[in-house]
Amino acid sequence: MSVNPHFQRVALIGFGLIGGSIARAAKLQGLAGEIVTTARSEKTRARVLELGIVDKVVATNAEAVEDADLVILCIPVGACGPVAQEIAAHLKPGAIISDVGSVKGAVVKDMAPHLPKNVHFVPAHPVAGTEHSGPDSGFAELFINRWCILTPPEGTDAGATAHLRAFWAAMGAKVEVMTPDHHDLVLAITSHLPHLIAYTIVGTADELQQVTESEVIKFSAGGFRDFTRIAASDPTMWRDVFLANKDAVLEMLGTFTEDLAKLTRAIRRGDGEALFDHFTRTRAIRRGIVEIGQDSAAPDFGRQHGQLDKKQS
Ligand code: NAP
C-alpha cells in the first residue's frame with residue numbers, strides 16, 4: 001500500500017543537525033505545503049531565517065505547532081517532556097506528533113502523559129548523524145540509505161504510523177518499527193557504548209603524562225583520530241542520551257567489561273590464538289556492514305591520500 005508522504009503544514013521544533021536536515025530534505029522532495037520552525041535561542045532563529053530554507057520562523061514552541069499536521073521535536077532528549085507539556089494545548093486535532101531522539105523509552109515516558117488523546121504520537125529515531133551541530137550543519141542527503149526507527153506506543157493508529165513512515169522513506173530512509181525498549185537495547189551497543197568508549201579513550205590520551213599532547217595529535221592516524229570524530233559529538237545531546245538510557249547502557253557496559261577482561265587475559269598470557277580468532281570475527285562484522293551498504297568499501301573511510309611524483313629513470 002503506498003501512502004502519500006505529504007503534509008500540509010510541518011512544524012520543526014529545534015533546527016540543528018537533524019531538524020535542519022529534515023527541513024532541507026522535505027523541501028527538496030516537496031513533502032510539506034509549509035514548514036514552520038522555531039529554536040530556543042534568538043541567535044539560531046535569526047540564522048534559520050537567514051538560511052531561507054523554511055517558510056516561517058516563529059519565536060515560541062506553542063506558535064510553531066498551531067495548525068501543524070506533523071510536529072517533530074528535533075531537540076535534546078531531556079527537553080522533550082517539558083516541550084510536550086508546553087505545546088499540548090496548542091496541537092491540532094488529528095496531528096502526528098513525533099521526535100528524533102536517540103533514546104526512545106525515556107522520551108515516550110516523558111512526552112506521552114502530556115499529549116491529548118486526539119493526536120497521534122509516533123516517536124522516531126533517524127539513525128544518521130555527524131559530529132556537527134547547529135543550524136548550518138544539516139544537509140538534505142543525511143538520511144539516504146540510513147535507518148529510521150519508529151516506536152509507536154501500543155494502540156497507535158496504523159494510518160498515522162504509515163503516514164510518518166512514508167515521510168521518512170521519501171527523505172531516503174529505510175524505516176523499521178520496534179518497541180522503545182528494544183530500540184534502546186540495540187542502540188546501547190551500536191551507538192551509545194561506542195560513543196562512551198570514544199569519550200573515554202580520547203580523555204585517557206589527553207591525561208597521559210608520558211605522551212605529550214602534540215604527539216597524540218601528530219600520530220593520531222594510527223587509529224586514535226577515528227575515535228576523536230565520535231568524541232567530538234555534541235556534549236548536551238550525549239549527556240542526555242546516557243542519562244536517559246542508563247539501564248541498557250549499564251547492561252551493555254557489563255558485557256563489554258567482561259569481554260575486555262578476556263582480551264586482557266589473552267594479551268597477558270601471550271595467547272595469540274585467542275587474539276587472532278577474536279580479530280578475525282570482528283573483521284567479518286566490518287565486511288558485513290559494507291556488504292549491506294551501511295558504509296563504503298573505500299579503505300581508511302575514503303580519506304584522500306597524498307600522491308608521490310613519478311621519478312624519471
Ligand atoms: P543540535 O544540532 O544541537 O540542535 C538542537 C536544536 O534544539 C537547536 O536548534 C536548539 O536551539 C534546539 N533546542 C534545544 N532545546 C530546545 C527547547 N527547549 N525548545 C526549542 N528548541 C530547543 O542537535 P541535533 O544533533 O540536531 O540533535 C537533536 C536531536 O536529534 C537529539 O535528541 C538527538 O538525540 C537526536 N539525534 C541526533 C543525531 C546526531 O548525530 N546528532 C542523530 C540522530 C538523532 P538553539 O540552537 O537555540 O540552542
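This report covers the ligand site, two loop residues and one helix of a predicted model.

**Ligand site**

The shell around the ligand holds 28 residues. Closest are Arg40, Ser41, Thr44, Ile75 and Ser102. By class, the shell splits into 15 nonpolar, 12 polar and 1 charged residues.

Ile75 also offers a polar backbone atom to a ligand oxygen. Phe15 and Ile18 make backbone approaches to ligand oxygen as well. The distances are tabulated here.

| Backbone partner | Ligand atom | Distance |
|---|---|---|
| Phe15, polar backbone atom | oxygen | 3.0 Å |
| Ile18, backbone N or O | oxygen | 2.9 Å |
| Ile75, polar backbone atom | oxygen | 2.7 Å |

Taken alone, the ligand exposes 900 Å². The protein buries 87% of that area. Two elements give two or more residues each to the shell: helix H1 (17–29) and strand E7 (124–126).

**Asp69**

Asp69 sits in the loop between helix H3 (61–65) and strand E4 (70–73). Is Asp69 buried or exposed? Its relative accessible area is 17%, which is under the 20% cut-off, so Asp69 counts as buried.

The side chain of Asp69 has two polar partners to note. One is the side chain of Lys92, at 2.7 Å. The other is the backbone nitrogen of Gln8, at 3.5 Å. Beyond its neighbours within four places in sequence, Asp69 is in contact with Phe7, Gln8, Arg9, Lys92, Ala95 and Ile96. Lys92 and Gln8 thus appear both as polar partners and in this contact list.

**Gln210**

Gln210 also lies in a loop, between helix H7 (180–207) and helix H8 (213–218). Its relative accessibility is 66%, over the 50% cut-off, so Gln210 counts as exposed. How far is the C-alpha atom of Gln210 from that of Val108? The separation is 47 Å, for two residues 102 places apart along the chain.

**Helix H4**

Helix H4 spans residues 80–87. Its buried residues are Cys80, Gly81, Val83, Ala84 and Ile87. Why do they lie on the same side of H4? Because they cover an arc of only 165° around the axis. The general geometry is this: an α-helix has 3.6 residues a turn, so residues three or four places apart point the same way.

The buried residues of H4 pack against four elements, namely strand E1 (7–13), H3, E4 and helix H5 (105–111). H3 and E4 are the elements that flank the Asp69 loop.

Conventions. Residues are numbered from 1 along each chain as its sequence is written. This is a predicted model: local features need pLDDT of at least 70, side-chain atom pairs count only at pLDDT 80 or more; totals for chains, interfaces and linings use all residues. Side-chain values use heavy atoms; hydrogens and water are left out. A residue is near a molecule or strand if one of its heavy atoms lies within 4 Å of it. A polar contact is a pair of N or O atoms within 3.5 Å; within protein, one must be able to donate a hydrogen and the other to accept it, and residues adjacent in sequence count only if both atoms are side-chain atoms. Accessible areas come from the Shrake-Rupley method with a 1.4 Å probe; for residues, only the protein chains shown count as cover. Ala, Val, Leu, Ile, Met, Phe, Trp, Tyr, Cys and Pro count as nonpolar, Asp, Glu, Lys and Arg as charged, and the others, Gly among them, as polar. Buried means under 20% relative accessible area, exposed over 50%, partly exposed in between (1.4 Å probe, protein chains only). Contact means heavy atoms within 4.5 Å. The arc is that of the directions from the helix axis to the C-beta atoms.
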